[in-house]
Amino acid sequence: MTAVVYEQREVRRARYAVAAVFAVHGAVTGSFATRVPWIQDHASVSAGQLGLALAFPALGASLAMPLAGRVSHRFGARAALRGLLVLWTLSLVLPALSPNLPILCLALFVYGASAGMSDVAMNALGVEVENRLGRSIMSGLHGMWSAGALIGSAAGTLAAHLGADARLHHVLAAGVLTLLGQVACSWVLDLQPAEDEEPPPRFALPPKSALLIGAIGFCAVFAEGASLDWSAVYLRHQLDTSAGLAAACTTGFTLTMAVARIVGDRVVDRFGSVRTVRFGGVLAVLGGLLVVLAGHPAVAMTGFALMGLGIAVVVPLCFAAAGRSGPNPSQAIAGVATITYTSGLVAPSAIGGLAEATSLVVSFGLVTVLACGLAAFAGVLRAGDRDRPKVTPPAAAVPGPRS
């Protein structure tokens, strides 16, 4: 009995620790997103060139994400997360130091690679904690990511309002977040692979069961990535606002996502995954229409906030549905994670490219169309409404995390 109580305490402590890791990871993204206009001006790049540069995080993540499983297998989950999180927090300083387009592309490649590997590692640990607790926590964990992004973007908003140099801002932010991340990593689960366990494959195609679920996640994360990286630019250049107000738009977007994700587990328990995502899709479409038709900054900011509210819980529910969609839950979850994460990194460059050819208004028209898919195809998440097993596996029987 004492051993069981001790393990339960360890798992609860690990839940809070991995939640803190999610918050640190989100704070890096929020810190970067609010200073994108400064980085664009500092590197002297156009909207199209910025879109090209923002494709490099997707490239870096796509190449690096499959390596996260091998790193965890080699060093153990805790040590792997600690090292990968350091790479992520320190990579924040690189884009602001970039004086031109080629160096900015290289900096964002490293930024994306470290983001992807640390993201895979922390989500794998989050899923493991959820399995041991026997109840849903992934929406709350992603809520902590959004809360971290909110804190990072709020600090960025203040820095932009004060006219602070983004290089100094990001060096200070990286130092603080690195310290906080290392403290949190000390308490996450220290999963170790069995002696006879084969290393995970370098690359594996997502199973068919994960493709439709991943498509739903793709639509949601596309809207999220586009809004995080382009909402400030949209207000600054499309509606001619101040830098401080433009950054505040990103803060409002992350605020609605944070609140919705923190309460998301209760909402899903009450209404189910399908109805929650369908209603969220309607809100996201309404928000997209407000952004596209906005003639005033307040209308656009309201639209971005509604999009954040509508898409907030979709990705956690995609993970839940993937885990119940076939005989190999870990592979399905990994497949959905790859699809959705790649969407978030591809979206900013796609928005920039379309904006260069047409306008940012047309770009967010595309985001609105994709948001329609959430309401139309939410039924594929029905597997997420099945009863979650309440059995807590013994520690020795739990395999190491997979990428």
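Here is a short chat about aromatic pairs and helix packing in this predicted model.

Me: What makes the pair F304 and F364 edge-to-face?
Reply: Happy to walk through that one. The ring centres of F304 and F364 are 5.3 Å apart, and rings pair if their centres lie within 6.5 Å. Their planes stand at 85°, and planes over 60 degrees apart count as edge-to-face, so the pair earns that label.

Me: How many aromatic pairs are there by this rule?
Reply: The count comes to six aromatic pairs. There is also one aromatic cluster formed by F32, W88 and Y111.

Me: Why does the pair of F304 and F364 tie together parts that are apart in sequence?
Reply: Because F304 lies in helix α14 (residues 297–311) and F364 in helix α17 (residues 360–376), the pair links parts that are 60 residues apart in sequence. Both F304 and F364 are buried.

Me: Why is α13 called roughly antiparallel to α14?
Reply: Good one! Helix α13 (residues 273–293) packs with α14 at an angle of about 160°, and angles over 145 degrees count as roughly antiparallel, so α13 gets that description relative to α14. Their axes are 7 Å apart, and the crossing is left-handed.

Me: Which residues in α13 and α14 meet?
Reply: In α13 they include G280, L283, L286 and L290, while those in α14 include V299, G303, L306 and F304. That last residue, F304, is also one partner in the edge-to-face pair.

Me: How do you know that R74 lies over the face of F75?
Reply: R74 is at 5.0 Å from the ring centre of F75, and the cut-off for that distance is within 6 Å.

Definitions and conventions:
Residues numbered from 1 in each chain as written. Predicted model: local features only at pLDDT ≥ 70, side-chain atom pairs only at ≥ 80, totals over all residues. Heavy atoms only, no water. Phe/Tyr/Trp six-rings, centres within 6.5 Å; stacked < 30°, edge-to-face > 60°. Helix = DSSP H or I, 4+ residues; strand = E, 2+ residues; numbered from the N terminus. Buried < 20%, exposed > 50% of the residue type's maximum accessible area, 1.4 Å probe, protein only. Lys NZ or Arg CZ within 6 Å of the ring centre and 35° of its normal. Axes fitted to C-alpha atoms, helices over the stretch in contact; angles between N-to-C directions. Parallel < 35°, antiparallel > 145°, perpendicular 65-115°, else oblique. Left-handed = near helix turned anticlockwise from the far one by under 90°. Contact = heavy atoms within 4.5 Å.
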